[in-house]
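Q: I'm new to this structure and would love a close look at a single part of it. Could you walk me through that part slowly and show me how it sits in the rest?

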Amino acid sequence: MAPRTDAGMHADWQAFLRLLLVDSDGGLNLRNSELHDLSDTETAPQTVALVLLAALYVTAHAH
């Protein structure tokens, strides 16, 4: 079982969310590119699937 962070989230999921939403060095940084409408291209279906996966995880583990 993966270790949990101070927020009670699995460390692997925290890393996934960071890479998906905010890491501009090695991740997708969707918070900036999509939510601030900085992307010039259409969102790929794979990206939508990753966002849905993240939303399902956060929803399932909301307290």
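A: Happy to! Let's begin on the outer face of α3, the one turned away from the helix's buried side: there you will find the exposed residues P45, L52, L56, T59 and A60. Please keep in mind that this is a predicted model.

Now turn to the other side of α3. Its buried residues are T47, A54 and Y57. They lie on the same side of α3, because the arc they cover around the axis is only 85 degrees. What covers these buried residues? The cover includes α1 and α2.

How does the length of α3 work out? The helix runs over residues 45–60. Its 16 residues, at 1.5 Å a residue, should span 22 Å, and the C-alpha atoms at its ends are indeed 22 Å apart, so the two values agree.

Just past the helix comes H61, in the segment after α3. The side chain of H61 reaches back to the backbone oxygen of Y57, at 2.9 Å. Y57 is one of the buried residues of α3 that we met above. H61 itself counts as partly exposed, because its relative accessibility is 40%, between the cut-offs of 20% for buried and 50% for exposed. H61 also has a partner from far along the sequence: M9 is 52 residues away in the chain, yet the C-alpha atoms of H61 and M9 are 8.2 Å apart in space.

Let's step back to see where α3 belongs. The chain has three helices and zero strands, in the order α-α-α from the N terminus. Of its 63 residues, 13% are buried. The C-alpha atoms fill a box of roughly 40 × 25 × 20 Å along the principal axes. Among contacts between residues at least 6 apart in sequence, 29% join residues at least 24 apart. The chain exposes about 4900 Å², and carbon and sulfur atoms supply 59% of that area.

One last stop is the loop between the two helices that help cover α3. N29 is found in this loop, between α1 (11–21) and α2 (30–33). Is N29 buried or exposed? N29 counts as buried, because its relative accessibility is 13%, under the 20% cut-off. Its backbone is worth a look too: the phi of N29 is near 50 degrees, a positive value in a residue other than glycine. Most residues other than glycine have a negative phi.

Methods:
Residues are numbered from 1 along each chain as its sequence is written. This is a predicted model: local features need pLDDT of at least 70, side-chain atom pairs count only at pLDDT 80 or more; totals for chains, interfaces and linings use all residues. Side-chain values use heavy atoms; hydrogens and water are left out. Helices (H or I, at least four residues) and strands (E, at least two) are DSSP runs, numbered from the N terminus. Buried means under 20% relative accessible area, exposed over 50%, partly exposed in between (1.4 Å probe, protein chains only). Contact means heavy atoms within 4.5 Å. Accessible areas come from the Shrake-Rupley method with a 1.4 Å probe; for residues, only the protein chains shown count as cover. A polar contact is a pair of N or O atoms within 3.5 Å; within protein, one must be able to donate a hydrogen and the other to accept it, and residues adjacent in sequence count only if both atoms are side-chain atoms. The expected span of a helix is 1.5 Å times one less than its number of residues. The arc is that of the directions from the helix axis to the C-beta atoms.
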